[in-house]
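The following exercises concern salt bridges and solvent exposure. Please examine the sequence and the structure before working through each solution.

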Amino acid sequence: LPAPPPPPGLLISSLAGSVAGFGQVLVTCPMDVLKQREILKKQKKSPMELGFGLYKGAGATWLRDIPFSAIYFSAVAQCGFVCHSMGLGSAETTVVAGLAAGLLGAAPAA
């Protein structure tokens, strides 16, 4: 297999991760709020009636998910490149880079 290109710089991969983390919360937070309300059988309003109430608690979620995603994206790129240069196969590289990135990304959130 040909060597992969070097990973993007830390700034670029961190920015990409931050944007991805922001978008992930933007999409999943309303679904989580509706799911929790349904489980607790609280007020049953349609999503149109709820408006920005669907984003209740999103600030705390953004504070957790944006740094995690920034660290995770950067770590996956860097660890994947290092693993590949050490001669690990594709599957091993994926597992090792994902595990290392997950540990690094989750440490500040814990």
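## Exercises on the predicted model

**Exercise 1.** Determine which residue forms a salt bridge with D32, and describe the setting of the pair.

*Solution.* In this predicted model, D32 is joined by a salt bridge to K35, with 3.9 Å between the closest N and O atoms. This distance satisfies the criterion, which requires a side-chain nitrogen of Lys or Arg within 4 Å of a carboxyl oxygen of Asp or Glu. Next, consider the positions: D32 and K35 lie three residues apart in helix α1, so about one helical turn separates them. Finally, consider exposure: D32 has a relative accessible area of 33% and is partly exposed, and K35, at 47%, is also partly exposed.

**Exercise 2.** State how many salt bridges the rule yields, and classify R64 and D65 as buried, partly exposed or exposed.

*Solution.* The count comes to two salt bridges. One of them links R64 to D65, whose closest N and O atoms are 2.7 Å apart. For R64, the relative accessible area is 45%, so this residue is partly exposed. For D65, the value is 10%; buried means under 20%, and D65 is therefore buried.

**Exercise 3.** Locate V19, decide whether V19 is buried or exposed, and give its separation from A70 in sequence and in space.

*Solution.* V19 belongs to helix α1, which covers residues 10-40. Its relative accessibility is 55%; because exposed means over 50%, V19 counts as exposed. Along the sequence, 51 residues separate V19 from A70, while their C-alpha atoms are 8.2 Å apart in space.

Definitions and conventions. Residues are numbered from 1 along each chain as its sequence is written. This is a predicted model: local features need pLDDT of at least 70, side-chain atom pairs count only at pLDDT 80 or more; totals for chains, interfaces and linings use all residues. Side-chain values use heavy atoms; hydrogens and water are left out. Helices (H or I, at least four residues) and strands (E, at least two) are DSSP runs, numbered from the N terminus. Buried means under 20% relative accessible area, exposed over 50%, partly exposed in between (1.4 Å probe, protein chains only).
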